[in-house]
Amino acid sequence: MKPPTKAQRETEKKLLFMLRLYSELKNREGVASTLLYLETEIDKLVELLKQM
């Protein structure tokens, strides 16, 4: 298995941050629009990693 590229590592860091943030906010009130944004960004990052 090849080691991950710098771009892959950076994308993984962003994804991990977004997942932690989503997990932290998901049970709070008044953050529905933020959670929707995070879900969209998480999906984009996952798809980007699949393509790499």
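This passage describes two helices, α1 and α2, and the way they pack together in a predicted model.

A good place to begin is helix α1, which runs over residues 6–25. At 1.5 Å a residue, its 20 residues should span 28 Å, and the end C-alpha atoms are in fact 29 Å apart, which agrees with that expectation. Five residues of α1 are worth finding in the structure: Q8, T11, L15, M18 and L25 are buried. Viewed down the axis of α1, the buried residues fall within an arc of 125°, so they line one face of the helix. The face turned away from this buried side carries K6, K13, F17, R20 and E24, which are exposed. A simple rule helps in reading such patterns: an α-helix has 3.6 residues a turn, so residues three or four places apart point the same way.

Helix α2 covers residues 32–51 and has 20 residues. From its first C-alpha to its last, α2 reaches 29 Å, close to the 28 Å expected at 1.5 Å a residue. Its buried residues are L35, L38, E41, I42 and L45. Looking along the axis of α2, these buried residues sit within an arc of 125°, so they too line one face of their helix. On the other side of α2, the exposed residues are A32, S33, L36, D43, K44, K50 and Q51.

What do the buried residues of α2 pack against? Their partner is α1, and the buried residues of α1 in turn pack against α2. The two helices meet at an angle of about 155°, and their axes are 10 Å apart. That angle makes α1 roughly antiparallel to α2. The crossing of the pair is left-handed. On the α1 side, the residues that take part are Q8, T11, E12, K14, L15, M18, L19, L21, Y22 and L25. They meet T34, L35, L38, E39, E41, I42, L45, V46, L48 and L49 of α2.

Three residues of α2 allow a closer look at this meeting of helices. I42, in helix α2, is buried, because its relative accessible area of 12% falls under the 20% cut-off. Leaving aside residues up to four places away in sequence, I42 touches L15, M18, L19 and Y22. With one of these, L19, the separation along the sequence is 23 residues, while the C-alpha atoms are 7.2 Å apart in space.

Is E39 buried, exposed or partly exposed? E39, also a residue of α2, has a relative accessible area of 34% and is partly exposed. This value lies between the 20% limit for buried residues and the 50% limit for exposed ones, which is why E39 belongs to the middle class. E39 is nevertheless among the α2 residues that meet α1. From C-alpha to C-alpha, E39 and L16 are 13 Å apart, and 23 residues separate them in sequence.

The third residue, L49, lies in helix α2 as well. Not counting residues up to four places away in sequence, L49 touches Q8, T11, E12 and L15. Its C-alpha atom is separated by 9.3 Å from that of A7, although the two residues are 42 places apart along the chain. Among the contacts of L49, Q8, T11 and L15 are also buried residues of α1.

Notes. Residues are numbered from 1 along each chain as its sequence is written. This is a predicted model: local features need pLDDT of at least 70, side-chain atom pairs count only at pLDDT 80 or more; totals for chains, interfaces and linings use all residues. Side-chain values use heavy atoms; hydrogens and water are left out. Helices (H or I, at least four residues) and strands (E, at least two) are DSSP runs, numbered from the N terminus. The expected span of a helix is 1.5 Å times one less than its number of residues. Buried means under 20% relative accessible area, exposed over 50%, partly exposed in between (1.4 Å probe, protein chains only). The arc is that of the directions from the helix axis to the C-beta atoms. Contact means heavy atoms within 4.5 Å. Axes are lines fitted to C-alpha atoms, for helices over the stretch in contact, and angles run from 0 to 180 degrees between N-to-C directions. Angles under 35 degrees count as roughly parallel, over 145 as roughly antiparallel, 65 to 115 as roughly perpendicular and the rest as oblique. A crossing is left-handed if the near helix is turned anticlockwise from the far one by less than a right angle, and right-handed if clockwise.
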